[in-house]
Amino acid sequence: MAGIQQLSTKHLLGIKYLKTEDIRLIFDTALNFKEVINRPIKKVPSLRDITIANLFFENSTRTRISFELAEKRLSADVVNFSASSSSVKKGETLLDTVNNILSMKVDMVVMRHPAPGAPHFLSQHIDVNIINAGDGTHEHPTQALLDAFSMEEKVGNLKGKHVAIFGDILHSRVALSNIFCLQKLGAKVIVCGPPTLIPKHIHKLGVGVEYDVKKALAWCDIANILRIQLERQDIKYFPSLREYSQYFGINKSLLQQLDKQILIMHPGPINRGVEISSDVADSDHSIILQQVENGVAIRMAILFLLAARKSEARQQGL
Ligand code: CP
């Protein structure tokens, strides 16, 4: 793997820590892997002899399957850990759990955890590469990368493009990672949702705030629609899902009032009839399933580039 262009970081903890050149390198590499996964034989030997542990302390469908497929298509050995069926239930600490898994000679860790900062904490205590697959309400860097990659595939370079993120911004790790990623790529970003679900100081990140869905839709080229994260809400932020859908749900009638076509995105899981109607989710303007498809190529690129960096460091005796 010597001679391969390198990422500037050993871990992927958040988009906040990536340079724009890192994002571009990940996209260029993902383009190559997208070609690979559309071949009849979808597998390459790049990560043969690398063992990756997928540690999921929180539920996941897309991210977990996508990482596992990406790892297997790169020929890595894969072990999967799920907190619900593990000794975490018996009181073991995060660090003890991870150190026990690493003692079985694991090279990389992909981790989803409900606590913001959990992968950052681990990175200070263990020596392997860590990829954040979502840490609480904080960041979901691979989702933001696959989102931005999918946007560029449809509308070209994002410099100057208008992206509106709709929904429960307060509890969303996808929103924060998207904001960081889109801004690094030169896009203009606003958020739209009920005032109770918009963080008070979000304007300090350089994003606009719009409470009127019609105005936000009229402004944007791309609408990234997020779900209401009821599992993270310990108080009521709005009267009912019915009322939320009435005022903030994106439906066909709202899109038909626009004098342009906009790209519709959603990281999933979608709640049909709440934040997005079925006729919008399943429309020709929706790229929800293309996002999922691109997720495998993006995750292959990240795993490949982090492994290449590790291999180079080993050769230099670091
Ligand atoms: N988009 C996303 O993170 O989905 P999962 O929770 O199913 O992984």
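Where does the ligand sit? The ligand sits in the largest pocket. This is a predicted model: local features need pLDDT of at least 70, side-chain atom pairs count only at pLDDT 80 or more, and totals for chains, interfaces and linings use all residues. Residues are numbered from 1 along each chain as its sequence is written, and side-chain values use heavy atoms, with hydrogens and water left out.

**View 1. The shell around the ligand.** Ser 60, Thr 61, Arg 62, Thr 63, Arg 112, His 140, Gln 143, Pro 267 and Gly 268 surround the ligand, each with a heavy atom within 4 Å of it. Sorted by type, that shell has 1 nonpolar, 6 polar and 2 charged residues.

**View 2. Polar contacts to the ligand.** Here we pick out N or O pairs within 3.5 Å. One ligand oxygen atom is 2.6 Å from a side-chain N or O atom of Thr 63, and an oxygen atom of the ligand is 2.9 Å from one in the side chain of Arg 62. For Gln 143, a ligand nitrogen atom is 3.0 Å from a side-chain N or O atom. The protein covers 91% of the 250 Å² of accessible area (Shrake-Rupley, 1.4 Å probe) that the ligand has on its own.

**View 3. Two domains at the ligand.** An automatic or database assignment gives domain 1 (15-140 + 293-315) and domain 2 (141-291). Their C-alpha centres lie 26 Å apart. Contact (heavy atoms within 4.5 Å) takes 31 residues from domain 1 and 29 from domain 2. Each domain gives at least three residues to the ligand shell.

Key. Polar contact = N/O pair within 3.5 Å; in protein donor to acceptor, adjacent residues only side chain to side chain. 1 Å grid on protein atoms, 1.4 Å probe; cavity = no way out; pocket = protein on both sides within 12 Å on 5 of 7 lines; lining within 4 Å. Sits in = over half its atoms within 2 Å of the grid points. Nonpolar A, V, L, I, M, F, W, Y, C, P; charged D, E, K, R; others polar.
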